[in-house]
Amino acid sequence: DLKPDQIAKAQKLMDDAGVTIVNIIPTTEMCKFFKGVIPGYPTTFFVDSEGKILEYTSGSKDLDGWVKKVDEVLANTK
């Protein structure tokens with residue numbers, strides 16, 4: 001489980017960097033699930049408005065790579 005000081009540090013980092021995307025603080029159940037499925041770090045999850053994980057991917061990408069991945073995920077959800 002995440003400790004309050006870890007959450008505060010993460011929030012400060014995001015605030016300092018001007019991050020405006022929604023971030024999820026995982027519950028205990030989510031942490032257990034993630035430990036079983038995360039193949040590496042960083043891992044990005046694509047989640048719908050109901051909280052269902054549509055897809056996930058590991059590793060970093062440049063802007064073109066992310067645009068391609070997001071377009072792919074959106075095409076698969078239609």
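## K69 and its surroundings

With a relative accessible area of 12%, K69 counts as buried, because the cut-off for that label is under 20%. This lysine is a good place to start in this predicted model, since K69 takes part in a network of salt bridges with E55 and E72. The protein chain around this network has three helices and two strands, and its 78 residues include 10% that count as buried.

**Overall layout**

- Reading along the sequence, you will meet the elements of the protein chain in the order α-α-β-β-α.
- The C-alpha trace of the protein chain extends over about 40 × 30 × 25 Å along its principal axes.
- Among the elements to keep in view are helix α1, which covers residues 4-17, and helix α3, which covers residues 63-76.
- Strand β1 runs over residues 43-47, and strand β2 takes in residues 53-58.

**Salt bridges**

- How many salt bridges does the structure hold? The count is three, and K69 is a partner of both E55 and E72.
- Between E55 and K69, the closest N and O atoms are 2.3 Å apart. This pair ties together distant parts of the chain, with E55 in strand β2 and K69 in helix α3, 14 residues apart.
- The bridge from K69 to E72 has its closest N and O atoms at 3.0 Å. Here both residues belong to helix α3, where three residues, or about one turn of the helix, separate them.
- The side chains of K69 and E72 are also listed as making a polar contact, at 3.0 Å.
- Is E72 buried, partly exposed or exposed? E72 has a relative accessibility of 34% and therefore counts as partly exposed, whereas its partner K69 counts as buried at 12%.
- K12 and D16 meet through their side chains in another salt bridge, at 2.8 Å from N to O. They are separated by about one helical turn because they lie four residues apart in helix α1. Both K12 and D16 are exposed.

**Aromatic residues**

- How many aromatic pairs are there? The count is one, formed by F45 and Y56.
- The rings of F45 and Y56 are 5.4 Å apart from centre to centre, and with 40° between their planes the pair is tilted. The pair connects distant parts of the chain, as F45 belongs to strand β1 and Y56 to strand β2, eleven residues away.
- F45 has a relative accessibility of 23%, so this ring residue is partly exposed. Y56 is likewise described as partly exposed, with 37%.
- What sits over the ring of W66? The charged end of K61 does, at 5.2 Å from the ring centre.

**Buried residues in the strands**

- T57 lies in strand β2 and has a relative accessible area of 11%, which means that T57 is buried. Its side chain has a polar contact of 3.4 Å with the side chain of K61, the lysine whose charged end sits over the W66 ring.
- F46, in strand β1, is buried as well, with a relative accessible area of 13%.
- F46 and V70 are 24 residues apart along the chain, yet their C-alpha atoms are separated by 8.6 Å.

**A nonpolar surface patch**

- Which residues form the nonpolar patch on the surface? They are V22, I24, F33, V47, I53 and Y56, with about 560 Å² of accessible area together.
- I53 belongs to strand β2 and is partly exposed, at 32% relative accessible area. Why can I53 be part of the patch at that value? Patch residues need over 30% relative accessible area, and the 32% of I53 therefore passes that cut-off.
- Y56 has two roles here: this tyrosine belongs to the patch and also pairs with F45. Its relative accessible area of 37% likewise passes the patch cut-off of over 30%.

Definitions and conventions:
Residues are numbered from 1 along each chain as its sequence is written. This is a predicted model: local features need pLDDT of at least 70, side-chain atom pairs count only at pLDDT 80 or more; totals for chains, interfaces and linings use all residues. Side-chain values use heavy atoms; hydrogens and water are left out. Patches are made of residues with over 30% relative accessible area and no salt bridge: like charges are joined within 9 Å, nonpolar side chains (Val, Leu, Ile, Met, Phe, Trp, Tyr) within 5 Å. Accessible areas come from the Shrake-Rupley method with a 1.4 Å probe; for residues, only the protein chains shown count as cover. A salt bridge is a side-chain nitrogen of Lys or Arg within 4 Å of a carboxyl oxygen of Asp or Glu. Buried means under 20% relative accessible area, exposed over 50%, partly exposed in between (1.4 Å probe, protein chains only). Rings of Phe, Tyr and Trp (its six-membered ring) pair if their centres lie within 6.5 Å; planes under 30 degrees apart count as stacked, over 60 as edge-to-face and the rest as tilted. A charge sits over a ring if NZ of Lys or CZ of Arg is within 6 Å of the ring centre and within 35 degrees of the ring normal. A polar contact is a pair of N or O atoms within 3.5 Å; within protein, one must be able to donate a hydrogen and the other to accept it, and residues adjacent in sequence count only if both atoms are side-chain atoms.
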